[in-house]
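Trainee: I should like to take a close look at a single part of this structure. Would you please guide me through the sheet, from the overall picture down to individual residues?

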Amino acid sequence: MKGYCMKCKDHREMKDATQSKMKNGRDMVRGVCTKCGTKMCKIGKLE
Ligand SMILES: [Zn+2]
């Protein structure tokens, strides 16, 4: 799935995506940018 990388400042394919939850209970996905290796997250459910 894709997410927004803060370092690349662009949308990148997300590696090692895992489902997570924010403190307010909203669903989010955590992963790593395939391009630069920076941790990235996306609001929503894992596809
Ligand atoms: Zn990146």
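Mentor: Let us begin with contacts along the chain. Among the contacts in the chain with a separation of 6 or more, 36% are made by residues 24 or more positions apart. Please keep in mind that this is a predicted model. Its mean pLDDT over the chain is 94, and 100% of the residues reach at least 70. Among the elements, the lowest mean pLDDT, 91, belongs to strand 1, while strand 3 has the highest, 96.

The secondary structure consists of four strands and zero helices, so that the pattern read along the sequence is simply β-β-β-β. These four strands form an open sheet in the order 1-2-3-4, with antiparallel pairing. At its edges lie strand 1 and strand 4, the latter covering residues 39-43, and each of the two pairs on one side only. From one strand to the next, the twist averages 50 degrees.

We may now follow the sheet from strand 1. This strand, residues 2-5, pairs with strand 2, residues 10-21, in the antiparallel sense, and four bridges hold the pairing. One position to find in the display is Cys 5, which stands opposite Asp 10 of strand 2. The two strands make a hairpin with four residues between them. Within that turn, Lys 9 has a positive phi of about 55 degrees.

Strand 2 also pairs with strand 3, which spans residues 27-33; the two run antiparallel and are joined by six bridges. Two pairs of residues help to trace this part of the sheet. Lys 15 has Val 32 of strand 3 opposite it, and Gln 19 has Val 29 of strand 3 as its bridge partner. Strand 2 and strand 3 likewise belong to a hairpin, here with five residues between the strands. In this hairpin the residue with a positive phi to look for is Gly 25, at near 95 degrees.

Finally, let us return to the chain as a whole. The C-alpha atoms fill a box of roughly 30 × 15 × 15 Å along the principal axes. Of the 47 residues, 17% count as buried. To review the path through the sheet, begin at strand 1, an edge strand, pass across its four bridges to strand 2, and continue over six bridges to strand 3. The order 1-2-3-4 then brings you to strand 4, which is the other edge strand.

Conventions: Residues numbered from 1 in each chain as written. Predicted model: local features only at pLDDT ≥ 70, side-chain atom pairs only at ≥ 80, totals over all residues. Pairing = 2+ DSSP bridges. pLDDT = per-residue confidence, 0-100. Buried ≥ 20, exposed ≤ 12 C-beta atoms within 10 Å, placed from the backbone. Contact = placed C-beta atoms within 7 Å. Axes fitted to C-alpha atoms, helices over the stretch in contact; angles between N-to-C directions.
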